Amino acid sequence: MMKNDLSVFNEYESEVRSYVRGFPTVFHQAKGYKLWDLDGKEYVDFFSGAGALNYGHNDDNMKEKLLAYIQEDGVTHSLDMATKAKGEFIDAFQNIILKPRDMDYKIMFPGPTGANSVESALKLARKVTGRTNVVSFTNGFHGMTIGALSVTGNKFKRNGAGMPLSNTSVLPYDKFLKESDNSVEYIENFLDNGGSGLDKPAAFIVETVQGEGGLNAASSEWLRSIEKICRERDIKLILDDVQAGVGRTGTFFSFEPAGIKPDFICLSKSIGGNGSPLAITLVAPEYDKFAPGEHNGTFRGNNFAFVTGTEALNYWKDDRLEKNVQQKSERIASFLDDMIKKHPEMKGVRKGRGFMQGIMSPIEDLCDNIAGRCFEHGLIMETAGADDEVFKLFPPITIDDEGLERGLSILQQAIEEVIA
Ligand code: PMP
């Protein structure tokens, strides 16, 4: 019987482990917005697996479908064979998500993670254009494989791999230029005036809200300008919706309010429904150009994730999640504004949109200290941004009023204790 201490992790996990999250307890069970550790202590989850648990933990319907599938000896691993579970997922995704939005895309299963989806889109964009350069944006994050990392703005992560950044350029994200309101002119100049010495790019890769990069939200207008820049120059637009997608900002795709039409869309995290690894890349039909075997992999179709992912799509048959996010994100925004007003010493600025909001503070370690204090009081929250200068509220999008208010009151207590 395992005890609630971290000795087994400390003793056997390598010194060079690359990922340490500072929650000093062993988690055991989870349901909805709640998590419990081995001592039975309850936590409110405002982290949601960094967006992999938008529907909360162990949703009853998904659990029931998964148990039934295991009970009937449903195929578990199938590589890229056709399975019933996969067919049902494709059918549901077309009929519940794509068709009602008048979106015409082929669905590709690029591998189990968000980075796999990004890699497949980068490869396809390069293949269909015959060009190699890719433009990405300040503070963007696209994954830890070398291709995805080379278009990631975060220098700490990029330098960790000693990346020679050939064939990529990081340009200013919306409002990242001090002297102007947006970066559109800068980008146009960069592309057109030859000063960059860069060959014409194959693609732009962009997030609508930078999840890891500090909850920077691009305006719809800026996104439309980026789309226009791409269209006018025959550059492909890759929309990385791995973190902001699947309802996190209120609509299924985060770019819906902007009304843009990317050439490639990357989805992962919550697309498997209950946290099981699954990724998809939506490919505009004319760019469905991989020859068989040109992009393959052992785990390109996780049947358990297809089963739970299909069930999850039922949430999108009506507008209950859209409404929940819309209504509660207003509550989150007004709570954060109140905190900023009440505690000017935080020098806080509210960031993000939908269920991707938080406060940025320039005060060193403030956000980390607040997240640490939240943990002590039973709220799981994380920080974001190049210097962890943003604390990030990421509740499941299914959360009810009681869960949200519980989390917010712990956060308020933590802020007041840290500021005092
Ligand atoms: N793109 C974005 C926008 C992400 O936030 C992430 C993960 N945080 C990734 C890609 C990479 O996904 P994964 O960790 O599953 O490879």
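# Notebook: sheets, helix pairs and unusual backbone angles

I began at a strand pair and noted that V134 stands opposite A203 in β7. The strand that holds this pairing together with β7 (residues 203–206) is β5 (residues 134–137), and I found 2 bridges joining the two, which run parallel. I should record here that I am working with a predicted model.

**Entry: the sheet of 7 strands**

I followed the pairing outwards from β5 and β7 and arrived at an open sheet of 7 strands, whose order is β4-β12-β11-β10-β7-β5-β6 and whose pairing is mixed. At the edges I have β4 and β6 (168–171), each of which pairs on one side only. Ignoring direction, I noted that neighbouring strands in this sheet are turned against each other by 20° on average.

**Entry: I107 in an edge strand**

I then looked up I107, which has its place in strand β4 (residues 106–108), one of the two edge strands of that sheet. Is I107 buried, exposed or partly exposed? I counted 16 C-beta neighbours inside 10 Å, and since a residue needs 20 or more to be buried and 12 or fewer to be exposed, I107 counts as partly exposed. Leaving aside the neighbours within four places in sequence, I listed I90, F93, I280 and L282 as the contacts of I107. For I90, which is 17 residues away from I107 along the chain, I noted a C-alpha separation of 7.5 Å.

**Entry: the sheet of 4 strands**

The other sheet I looked up is also open, with 4 strands in the order β1-β2-β3-β15 and mixed pairing. Its edges are β1 (27–31) and β15 (379–380), and because each has a single partner strand, one side of each is left without a neighbour in the sheet. Between β1 and strand β2 (residues 34–37) I found 4 bridges, with the two strands running antiparallel, and within this pair Q29 stands opposite W36 in β2. I also noted that α13 packs on the sheet, where it touches β3 (42–45) and β15, and that the direction of α13 makes about 100° with that of β3. In the hairpin of β1 and β2 there are 2 residues between the strands, and G32 takes a positive phi near 60° there.

**Entry: α11 against α13**

Having met α13 on the sheet, I turned to its packing with a helix: α11 (residues 320–342) and α13 (residues 401–419) pack at an angle of about 15°, with their axes 12 Å apart. I therefore wrote down α11 as roughly parallel to α13, and their crossing as right-handed. On the side of α11 the contact is made by K328, R331, F335 and M339, and on the side of α13 by L404, L408, Q412 and I415. Sorted by character, the residues of this contact are 5 nonpolar, 1 polar and 2 charged.

**Entry: α3 against α10**

For helix α3 (residues 60–71) and helix α10 (residues 303–313) I noted a packing angle of about 145° and axes 9 Å apart; the crossing of α3 and α10 is right-handed. From α3 the residues N61, M62, K65, L66 and Y69 meet F304, V307, T308, E311 and A312 in α10. I sorted the residues of this contact into 6 nonpolar, 2 polar and 2 charged.

**Entry: positive phi outside glycine**

Most residues other than glycine have a negative phi, so I looked up the exceptions with some care. Phi of N139 is near 65°, a positive value in a residue that is not glycine, and N139 lies in the loop between β5 and α6 (146–150). With 22 C-beta neighbours inside 10 Å, I had to enter N139 as buried, because the count reaches the 20 or more that this class requires. V246 is not a glycine either, yet has a positive phi of about 50°. I located V246 in the loop between β10 (236–240) and β11 (264–267), and with 30 C-beta neighbours inside 10 Å V246 counts as buried.

How values were computed. Residues are numbered from 1 along each chain as its sequence is written. This is a predicted model: local features need pLDDT of at least 70, side-chain atom pairs count only at pLDDT 80 or more; totals for chains, interfaces and linings use all residues. Axes are lines fitted to C-alpha atoms, for helices over the stretch in contact, and angles run from 0 to 180 degrees between N-to-C directions. Angles under 35 degrees count as roughly parallel, over 145 as roughly antiparallel, 65 to 115 as roughly perpendicular and the rest as oblique. A crossing is left-handed if the near helix is turned anticlockwise from the far one by less than a right angle, and right-handed if clockwise. Two residues are in contact if their C-beta atoms, placed from the backbone, lie within 7 Å. Ala, Val, Leu, Ile, Met, Phe, Trp, Tyr, Cys and Pro count as nonpolar, Asp, Glu, Lys and Arg as charged, and the others, Gly among them, as polar. Two strands pair if DSSP finds at least two bridges between them.
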